[in-house]
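The exercises below are meant to be worked through with the sequence and the three-dimensional view side by side. Try each task before reading its solution.

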Amino acid sequence: MPNVWNAASAPIHRREGFAALGLSALFAHDDHAMLRHGFALHDALSPVPRPAGGDARMAAAGMMRAQAPTVPSFAEAARLWLMVGLLSFGGAAGQIAMMHRMVVEERRWVGERRYLNALNFCTLLPGPEAQQLATYLGWLLHGVAGGIAAGALFVLPGAALMAVLAAIYGLYGKVALVEALFFGLKGAVLAIIAEALWRIGRRALHGPLAVALAVAAFAALFAFRLPFPLVVLGAGGIGLAAGLAGRTWFTGAAHGRAGAGPAVGAIDRLLDDPASAGLHRARATTARRAGIAALAVWLATVIAFALTGGVFGDIALFFAKMAVVTFGGAYAVLAWVAQDAVHLYRWITPGEMVDGLALAETTPGPTILVLQFVAHLAAFREGGLWAGLTGGALCVFVTFAPSFAWIFLGGPSVERIAARRELASALAAITAAVVGVVANLALVVALPVLFGAVGQWQAGPVSLPAPVLSSIDPHAVIVAAAGFAGLFVVQLGLFRTLGLCAALGLALRLIV
């Protein structure tokens, strides 16, 4: 009988992916051969015994085999990353929720434990954590080529759309049809974030202390406006201290053990096999080479444009600096960007900065794509449309290229870190804090969608958003309610819910 893990049924077309990306000379040969060997080795060592005793057992074994998750081909994974890039609305919270649903829940390519370990790791890095998470998952499935494909496809659809919208904005101003379409999608995003918060919280919070840490992280961000890195590092420090003391307050039963947790993915079955040690080493070596190459190309590009001077030199230097200090996501750095872009460089006006943020919030891709909008207008006013498109593309490259380097350099160590008891405890505590972070992001996204005016209530160190109740948008409430009903009540699924909300938003904004 064929075995459960059939490498032939899940080919990994590494060379096709590298050829498509123009990187075959750098990374294809040794990593592809080792990965293919690792699958064959796992296939030989993990057979399912032939059941003795008739057709019923054969049928049961066949059903078990059919239900076992399989590692996707490169092309299949690339199609999913493109889909994520096209539909990743709602900032980091919505994007993390969507990837969790698609990769962990629906396809079971990656297990819950590895997904949360990766998310913990990405929250500690500068840059957009959702794009870094996609890059890590792509690398986990298909090595360097998979990481490049996942990270690039996560960003490029949104960047292409932002380029078009920024060009239209520069030439003609706002467009009502586009605003109406994205207004509808916001309602669906609120439901997606709520669903992710429920799923991740239910699985990541092991015991009352983990719940308390999540609540504390939420309060620190939402009420006290503490810096995001401080909250995450503080949670990690608490977890590390607990692990060193031999306590299992945060790890529970699901952390730090291979294959633990409610969802074990196809790639977990391969990578957790001791026979795959050679595969681990080869992938780690190739990844670190790729990380060094990414840093070198990024630095060379920044230096080259800086030496040319002018608006392109300013864009390269300014946004490269942003790329290495953007801890805590887009909002953590927007105040700095707005101040310098408006007052120092005089690239845009305060109103245009708000419009750019609105476009970034309502288009797919990371919210940090607002920087592309700023760079486009800066170059557009110097040299017209093509200069604007070039400035925007330069900003996208210098902003996102370092994220590939961080993942390729640090990614191979994530599971080794999580395997150590004290470090697993630190990561588990960060996971608990991330639940509070997602809850904070959910409210940050929801309040401006549902209310036209949101003020601020201040009492000593406490600062809370204070929505003006009279400014509630009934159309937004209707779309959000439809999104929640589609996901939680009728269970239409992700894409039908997105389509329903988009159509409803168009109707309410343009017809009613």
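A nonpolar core is a set of buried Ala, Val, Leu, Ile, Met, Phe, Trp, Tyr and Cys residues joined through side-chain atoms within 4.5 Å. The model examined here is a predicted one.

**Exercise 1. Find which residues have the most contacts inside the largest nonpolar core, and which helix gives the largest share of this core.**

Solution. Begin with the core itself, which has 133 residues, and mark those with the most contacts inside it, namely Trp81, Met99, Leu133, Ile315, Phe319, Trp347 and Phe408. The largest share of this core, 18 residues, comes from helix 7 (residues 129–172). Then take Leu133 as an example: leaving aside residues up to four places away in sequence, Leu133 touches Ile96, Met99, Tyr115, Ala118, Leu119 and Cys122.

**Exercise 2. Decide how helix 7 and helix 17 are oriented relative to each other.**

Solution. The two helices pack at an angle of about 160°, and their axes are 10 Å apart. Since angles over 145 degrees count as roughly antiparallel, helix 7 and helix 17 are therefore roughly antiparallel to each other. As a last step, note the handedness: helix 7 passes helix 17 in a right-handed crossing.

**Exercise 3. Determine whether Thr497 and Phe451 are buried or exposed, and list what each of them touches.**

Solution. Buried means under 20% relative accessible area. Thr497, which lies in helix 21 (residues 494–510), counts as buried because its relative accessibility is 1%. Not counting residues up to four places away in sequence, Thr497 touches Ala188, Gly483, Gly486, Leu487 and Leu492.

Phe451 lies in the loop between helix 19 (421–450) and strand 1 (454–459), and with a relative accessibility of 13% Phe451 also counts as buried. With the same sequence neighbours left out, Phe451 touches Pro467, Val468, Leu469, Ser471 and Ile472. The C-alpha atoms of Phe451 and Pro474 are separated by 9.0 Å, although these residues are 23 residues apart along the chain.

**Exercise 4. Identify where the coordinates call for caution, using pLDDT.**

Solution. For the protein chain, the mean pLDDT is 77, and 78% of its residues reach 70 or more. Among its elements, helix 1 (residues 14–21) has the lowest mean pLDDT, 33, whereas helix 17 (residues 385–410) has the highest, 94. Over residues 1–66 pLDDT stays under 50, and the model has 98 contacts beyond four places in sequence for them; pLDDT likewise stays under 50 over residues 253–262, with 21 such contacts. Where pLDDT is low, the predicted coordinates should not be read in detail.

Technical notes
Residues are numbered from 1 along each chain as its sequence is written. This is a predicted model: local features need pLDDT of at least 70, side-chain atom pairs count only at pLDDT 80 or more; totals for chains, interfaces and linings use all residues. Side-chain values use heavy atoms; hydrogens and water are left out. pLDDT is the predictor's confidence in each residue, from 0 to 100. Helices (H or I, at least four residues) and strands (E, at least two) are DSSP runs, numbered from the N terminus. Contact means heavy atoms within 4.5 Å. Buried means under 20% relative accessible area, exposed over 50%, partly exposed in between (1.4 Å probe, protein chains only). Axes are lines fitted to C-alpha atoms, for helices over the stretch in contact, and angles run from 0 to 180 degrees between N-to-C directions. Angles under 35 degrees count as roughly parallel, over 145 as roughly antiparallel, 65 to 115 as roughly perpendicular and the rest as oblique. A crossing is left-handed if the near helix is turned anticlockwise from the far one by less than a right angle, and right-handed if clockwise.
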